[in-house]
Amino acid sequence: MKLALRDVPPRAAWALEQAGVPALLARLFAARGVKSADELDDGLARLLAPDTLRGAQDAARLLADAIAARQRICVVADYDCDGATACAVALRGLAMLGAARDTLAYVVPDRVLHGYGLTPAIVDLALQQQPGLLLTVDNGIASVAGVAHARAQGLAVIVTDHHLPARDEQGTVLLPDADAIVNPNQPGCGFESKNLAGVGVMFYVLLALRGELRARGAFAQEAQPRLDALLDLVALGTVADVVKLDANNRRLVAQGLKRIRAGRMQPGVAALFAAAARDATRASGFDFGFAIGPRINAAGRLADMTLGIECLLTDDAARAAELAQTLDAINRERRQVESGMRDQAEAMLEALLGSKMGGEPPPALAIFDPGFHEGVVGIVAARLKDRLHRPAFVFARGRDGLLKGSGRSIAGFHLRDALDLVAKRHPGVLVRFGGHAMAAGCTLADDGFETFDAALQQVAREWLDAATLARTLAVDGPLAAEHFSVETVRAIDAQVWGQAFEAPVWADEVEVIAQRLVGERHLKLTLRHGGLVRDAIWFGRSEPLPGRARLAYRLSVDQYNGRQRVQLVIESMEAAS
Ligand SMILES: [Mn+2]
C-alpha cells in the first residue's frame, strides 16, 4: 500500500486557526476542503433553506391539502436504512404537522419479491390501504410505469428521492409524470447540496410543509412543531446511505448526534444503541455506519424492512427493545451468511488467480455462485473491492431465475457508465441496471454471466491504467507526541467524519520493539515512536512486521486496568525507506 500525504492548503488552515479552530483540527479540515469557519458552524440556522429545493413547495401544498381533507396518505418506503429512516421521518413529521394518525400508512417493497422502487405491483399493494395520495421516500425517480399506474387509479403521487434520474439513449432525462417531484438531482433544481440522502430530502419536504401550514394560519412561528426532534433519524439515514458529507449534510449529522448524546432520540434509536452495546452519550457517525445502520439494513436483506420501520416508529420503549433485539439477531444471521459467501467468493477468486492470472488480479471482478444469497451480494462485492482494489460485481440467482448483481467500484471507474457500455455492446445480456459511479446494481439474463464477465473485463482493460489500479491510502502525516492524549482523541471523535470527509489517519516511521498474535488474528505491537514507547494493535493482521516500518494509524482510547489509555490502531504499512 502506498501512503499518499493529504495536501493542506496553508491559507485555509491559517484562516481556520485565526477563527479559533485548534491548529490540529484546522490542518485536518483544511486538508478536507474546508475554507472558512462558516462551513464548520453546525447550527440549525446555517442549514440550507428549503426554498431552492425544486418541487418542495408543490409537495407541501399537496400534503397540506391532503391533511386538511383528512385524505389518506400512504408512504412508499425503500428496504434500506435510508428508506426506513425516511419513512419514519415522513410518518412522524406528518403526524407532528397535524395529519391524523389513522390517515397515515406505509408500504415497503420486499427486496426479493418486489425489487426496488414504486413498481405497479407496489402501487397495487398500497391501494389496499385506500390512500388518496402516495408519497415515495428514497425511491420513485425512475418509477415511470408505477407512477402512471397510480395516477390511472386516481391517486395523487409525490415523488421524493435523491437518486439520479434515468436517461434514454439520446441522453434525455426521463422523469415520472408525478404531481410533484422533489429531488436535488432533477434537472433545474437549484438546491446547493446535491448530496442529501433520501431521508434528508423528506426532512426538507417537511420543512416546506411546515412553512406552507404556517402561511395558511395553522400555527404561528413561535408555536410551530419542532421538526428538529427528527434529526436523530435524519443523521442515521444520511450516514448509513454513505452519501457525501458536504457542509449541509455534516450539519444534519452533527445536530442528530448532539441530540442523541444528550439522550434525545426515538425509542427505537435508543434501543438499537443498547442492542449494539454502543454508548449513546458518546454517539458518533461510526456508530451509525457500523452498528445501528447494519442492524436496520439486515432486516431489508434477510427478512422484511417492516421490522426496521416499526422499530423506528414505535413510541413504546419495551416494544422498541423487543424489535431491536430481533434486528440484532437478524444481523448476526446476516453476518454468517455474508462470511460464508465471502469465503466462497474468495475461494473462487484464489482459483482464478492461481490458474489463469499468475497472482495479479484481473482489472475487474465478477463472481457468481448459485448458492449465493441475493440480500448480501452488495456487501460481499464491497469486501472484494476493498481487498483487491478492483471494481467487483457479485451475483445471486433471483426467484425469477435471472441473475441479480451488485457492484462496487474504485475511484476512476464509473460503474454505471461501464454497465451502459456493456449493455450497448451486448444487447440482451443486461435486463436492467442502474446506479452511480461507485455502486451499481444490475439484472442479467439467466445465461448471461459469462458474456457479462468478459465484457466488464474488456471495459476495465480499456479504462483502467496502472496508476488507477495502484492502491493508495490518503494520510494526514505525522502526529506530534503531545497529541497522543485522551483529549486529542476525544476532540477528534467529537467531529463529524465520514464519506468524502474521512476521519484522520496519521503516518509515521516507527521501530517495532515487540509483537505477538492475540486471538490468533490480530497483531499486538509495542512501538518506539519519536523516542517514546507506544502500544498498538493491527486488527485482522497475522503476518509479523519488519523492525522498522512506516505505518498509517488512527488513535483510539481503551480501558486498561480501569485506566484510559491511548493506543495506535494500525490501518496500513508502507515499507521503510
Ligand atoms: Mn438512499
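Val-75 stands opposite Tyr-106 of strand E3, and this pairing offers a point of entry into the predicted model. Val-75 lies within strand E2, residues 73-76, which runs parallel to E3 and is joined to it by 4 bridges.

These two strands belong to an open sheet of 5 strands, ordered E3-E2-E4-E5-E8, with parallel pairing. Strand E3 (104-107) and strand E8 (180-182) occupy the edges; each has a single partner strand, so one side of each is left without a neighbour in the sheet. On average, and with direction ignored, neighbouring strands of this sheet are turned by 20 degrees against each other. In general, strands of a sheet pair through backbone hydrogen bonds, in either a parallel or an antiparallel manner.

Helices pack on this sheet. Helix H5, spanning residues 120-127, touches E2, E3 and E4, and its direction makes about 145 degrees with that of E3. Helix H7, residues 198-215, also packs on the sheet, where it touches E4, E5 and E8; the direction of H7 makes about 125 degrees with that of E5.

The manganese ion is the next feature to consider. Its protein donors are Asp-82 (OD), Asp-138 (OD), His-162 (NE2) and Asp-241 (OD), at 2.1 to 2.4 Å from the ion. Along the chain, these donors follow the spacing D-x55-D-x23-H-x78-D. Asp-138 and His-162 are 24 residues apart and link distant parts of the chain. Asp-138 sits in the loop between strand E4 (133-136) and helix H6 (144-152), whereas His-162 sits in the loop between strand E5 (156-160) and strand E6 (166-167). Strands E4 and E5 both take part in the parallel sheet described above. Both of these donors, Asp-138 and His-162, are buried.

A further open sheet is built from 5 strands in the order E9-E10-E11-E13-E12, and here the pairing is mixed. Its edges are strand E9 (365-368) and strand E12 (430-435); each has a single partner strand, so one side of each is left without a neighbour in the sheet. Neighbouring strands of this sheet are turned by 15 degrees against each other on average, direction ignored. E9 and strand E10, residues 392-397, run parallel and are joined by 4 bridges. Within E10, Ala-392 is the bridge partner of Leu-365.

Helix H16, residues 449-463, packs on this mixed sheet. The helix touches E9, E10, strand E11 (403-408), E12 and strand E13 (439-444), and its direction makes about 165 degrees with that of E9.

How values were computed. Residues numbered from 1 in each chain as written. Predicted model: local features only at pLDDT ≥ 70, side-chain atom pairs only at ≥ 80, totals over all residues. Heavy atoms only, no water. Donors = N, O, S within 2.8 Å, 3.2 Å for Na, K, Ca; no water. Buried < 20%, exposed > 50% of the residue type's maximum accessible area, 1.4 Å probe, protein only. Pairing = 2+ DSSP bridges. Axes fitted to C-alpha atoms, helices over the stretch in contact; angles between N-to-C directions. Contact = heavy atoms within 4.5 Å.
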